[in-house]
Amino acid sequence: MAVNDADPATMDPREFARLVKKTPTAELRQMMHSERRTAVLDELFSSMPGVFRADRARTLDAVIHWVIGDRPDGGTDTYEMVIANGACTLSPAPHAEPRLTLALGAVDFLNLVTGNAHAVALVMRGKLKTSGDLALTAKFPTLFDVPKP
């Protein structure tokens, strides 16, 4: 199956992660520049509450903004994640001031959320930009069970 035919809504997360891993960057970029971009981002974000580790969040209350770049028009898509009362909720429209902002390109986002890239490595290579609460930045990757490809 080619990534352009893949539907993360109907695929097993590990299967989608393996597909992202074996797909050349140019093909991933092409998909994220196509009309499928919004559907893929919406599906990946909507699956995040299902892999959220409330036991690791404990009393954490935070608003996190994800800023996904590389839109065909040169813009970005911003999603808001709210962690409060042991739950994780998402919205494609930010409403609150973030405690943490994570900004990265679309292909790097795909690799990060499918377990094909590590947040620390992306930060060190300048691919993932963070602003806000540094302690939350360090803790954030541990709050989710990312699929292993």
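This passage describes the sheet, the helix packing and the largest pocket of a predicted model.

Local features in this predicted model require a pLDDT of at least 70 and side-chain atom pairs count only at pLDDT 80 or more, whereas totals for chains, interfaces and linings use all residues. Residues are numbered from 1 along each chain as its sequence is written, and side-chain values use heavy atoms, with hydrogens and water left out.

The strands (DSSP runs of E, at least two residues; helices are runs of H or I of at least four residues, and both are numbered from the N terminus) include five that form an open sheet with mixed pairing, in the order β3-β2-β1-β4-β5, where pairing requires that DSSP find at least two bridges between two strands. Strands β3 and β5 (128-132) occupy the edges and have a single partner strand each, so one side of each is left without a neighbour in the sheet. On average, and with direction ignored, neighbouring strands of this sheet are turned by 20° against each other, angles being taken from 0 to 180 degrees between N-to-C directions, with axes as lines fitted to C-alpha atoms and, for helices, over the stretch in contact.

Within the sheet, β1 (residues 62-68) pairs with β2 (residues 77-84) in the antiparallel sense over 7 bridges, and β2 is joined to β3 (residues 87-91), also antiparallel, by 5 bridges. Ile-83 of β2 is the bridge partner of Ala-62 and is itself partnered by Cys-88 in β3; likewise, Glu-80 of β2 is the bridge partner of His-65 and has Ser-91 as its partner in β3. The hairpin formed by β2 and β3 has 2 residues between the strands, and Asn-85 in this turn shows a positive phi of about 55°.

Helix α3 lies across β1, β2 and β3, running at about 10° to β2. The axes of α2 (residues 25-32) and α5 come within 9 Å and cross at roughly 105°, and the two helices are therefore roughly perpendicular, a class that covers 65 to 115 degrees (under 35 counts as roughly parallel, over 145 as roughly antiparallel and the rest as oblique). Their contact (heavy atoms within 4.5 Å) involves Thr-25, Leu-28, Arg-29, Met-31 and Met-32 of α2 together with Ala-106, Val-107 and Leu-110 of α5.

The largest pocket (an open set of points on a 1 Å grid over the protein atoms alone where a 1.4 Å probe fits, with protein on both sides within 12 Å along at least five of seven lines) holds about 850 Å³ of space. Its lining comprises 33 residues, those with an atom within 4 Å of a point, and Leu-112, Val-113, Asp-145, Val-146 and Pro-147 lie nearest the centre.

How values were computed:
Points joined across faces, edges and corners; volume = space filled by probe spheres on them.
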